[in-house]
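Hi there,

I'm passing a structure on to you, with some notes on how a few of its pieces fit together. Please open it and follow along as you read.

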Amino acid sequence: MSFSFLVCLHPILGQEKPTAPIILEGRTLFYVSESGQYTAQQRATEANNHLEKILESGNAPAVVEIDSGQEVPVITINNRYFLSVTYNDVPIGKSLKGQALAWKNTLEVAISKAEYERTLQYYIKAIIFAIAIIFIASILSWKLGVIWQRWLNPLKTTPTDPNPSNSNFSSQPLTGHPSQSSLKLKVFILLVLLTIIRGIIWIIALVYISSLFSKTRQWSDFIIDILRFSLITDIFPLGNQKYSVIDFFILLGLLIGLVTLTRMVSRVLKSKLLTATGLSRSVQDTTALIFNYTFIFLGTIVVLQVWGLDLSSLTVFASVLGVGIGLGLQGIAKEFVSGLVLIFERPIQIGDFVEVAGLMGTVERISVRSTEIKTLDQISVILPNSRFLDSEVINWSHSSPISRLKIPVNVAYGSNLETVKNILTNVAKNHQDILSMPSPQVFFSEFGDSFLKINLLVWISKPYKQFQIKSDIYFKIDSHFRQEGIKIPFPQRDLHFRSSELPSQNISPELINSLANLSNSLATWLKENSNHQTSQEQNKDIKLNKTQEKENFNPDENNISH
């Protein structure tokens, strides 16, 4: 079966005339052109059928000769006409005889090789080769898996703090190890790369095995021709030109190479050049980040120009796209501008301990869109950059991490304030996280409703530990107060009721007499009621005593007992 019709779908590169291939056992030997009333395909079909019949006959080795007695050289096989060499078949700068001699040599080699490939000896040899190729491909695929695991294990075993809540923070950003998202991206890239390399190995192995046998060779050539045709055909219009699939693969490879080169240069710039300048780490990160984005932007323009894309033809498209992106990405543009303000103005820097929107934590990363803060609970919070410009931000580490901590203490009235002052001062001086200079200070603030208000002022250099420092101070103060008998009072409230005399000049005498009579009547009734109730209670008591006496003395029971 011949698949030469596929090649006729498009002209061969470098030729303008339609051609058709001469194929033997799946191998393309050469191409013929049209001649007179015969098309190239008709000539190739007739020649290919003649070659198939020669091989199927199984006669002695075929004899290929050139008959130069005609107007054009004629190639014969076993004294039978095979093909005429016309002027359309001859490339520029070559003669008819030279072309005929080249085709004759190609046919002799191809026929001899085809006859050998039809022998039992060759089939045995080809099967052995096929098994060996499959074994080698399996070994290579397994070895790649082993190498991939060796690359992957170091990424999975990054050192972490087993007890982050007790770990000491530093004023520098914690960027010694890659983040979890970065690790996942690297693992995914390595997995894709391994899959691609393994696929290439098996494709090469299958193509080589298929080339060992004539039938499979035809199918492999057919598939390869289809892939080649689909890859090199310009089918994607862009601007004033059309591009093929392979062109886009080339563009993708160039962009990946650009990003990789940019990262390498940015890393060298940060680790070698910027470190030697003595700038702060935040300035180094900002400079490297600006260089990275600038280099990628300019490099992309250069790559597109080198690739062949005329950017001027996309001006209208780019303007419309820019308007759409500007309307749809207003929020991102706002965060981008806010990020630039934070990067250049630097109200916050990497490693600062800040408080914003009810969150307290250390700044880990500042990008052009968002800022990452790691809270005291070791939770990473991603905040939009505009949050730092729209709301109040407390930066405990701005210009200097040293800050003053106010610790209020209330004591009861009557406490010895000198003893209280000495206790607070000694507790503050003995704490390892409290600075000795400036020294701790104790202030008597005010007389409260039920307490004396004292303020202990201390200076610390680690603002992120302020809650732990306060807790330690309060524990020690409570212990020393108990030892010295100093009490911390509870809130007390006293209620006082005040009576006042009614002004008599505003009340009539009749009302006063009525109230006096009513008061006397009420007193008399209460007295009588009280006497009556007392007499009733006395009568009840007498009756109760008599009943108990009767129960205690019973003659019948006494007789029975005797």
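**Two helices that cross**

Helix α12 passes helix α13 in a right-handed crossing. Please keep in mind that this is a predicted model. To find the pair, look for α12 at residues 417-429 and α13 at residues 466-484. Their axes come within 10 Å and cross at roughly 145 degrees.

Which residues of α12 and α13 make the contact? From α12 come Thr-419, Val-420, Ile-423, Leu-424, Val-427 and Ala-428. On the α13 side, the contact is made by Ile-473, Lys-476, Ile-477, His-480, Phe-481 and Glu-484. Sorted by character, the residues of this contact are 8 nonpolar, 2 polar and 2 charged.

**The sheet beside them**

Next, have a look at the open sheet, which is formed by 3 strands in the order β13-β15-β14 with antiparallel pairing. The edge strands are β13 (403-411) and β14 (441-447), and each of them pairs on one side only. Ignoring direction, neighbouring strands of the sheet are turned by 25 degrees against each other on average.

Strand β15 covers residues 452-460, and 6 bridges join β14 to this antiparallel partner. If you want one spot to zoom in on, try Val-442, which stands opposite Leu-456 in β15.

**How helices and sheet meet**

Where does α12 touch the sheet? Helix α12 packs on it and touches β13, β14 and β15, with a direction at about 20 degrees to that of β15. Helix α13, in turn, lies across β13 and β15 and runs at about 30 degrees to β13.

Enjoy exploring!

Best wishes

Conventions
Residues are numbered from 1 along each chain as its sequence is written. This is a predicted model: local features need pLDDT of at least 70, side-chain atom pairs count only at pLDDT 80 or more; totals for chains, interfaces and linings use all residues. Side-chain values use heavy atoms; hydrogens and water are left out. Axes are lines fitted to C-alpha atoms, for helices over the stretch in contact, and angles run from 0 to 180 degrees between N-to-C directions. Helices (H or I, at least four residues) and strands (E, at least two) are DSSP runs, numbered from the N terminus. A crossing is left-handed if the near helix is turned anticlockwise from the far one by less than a right angle, and right-handed if clockwise. Contact means heavy atoms within 4.5 Å. Ala, Val, Leu, Ile, Met, Phe, Trp, Tyr, Cys and Pro count as nonpolar, Asp, Glu, Lys and Arg as charged, and the others, Gly among them, as polar. Two strands pair if DSSP finds at least two bridges between them.
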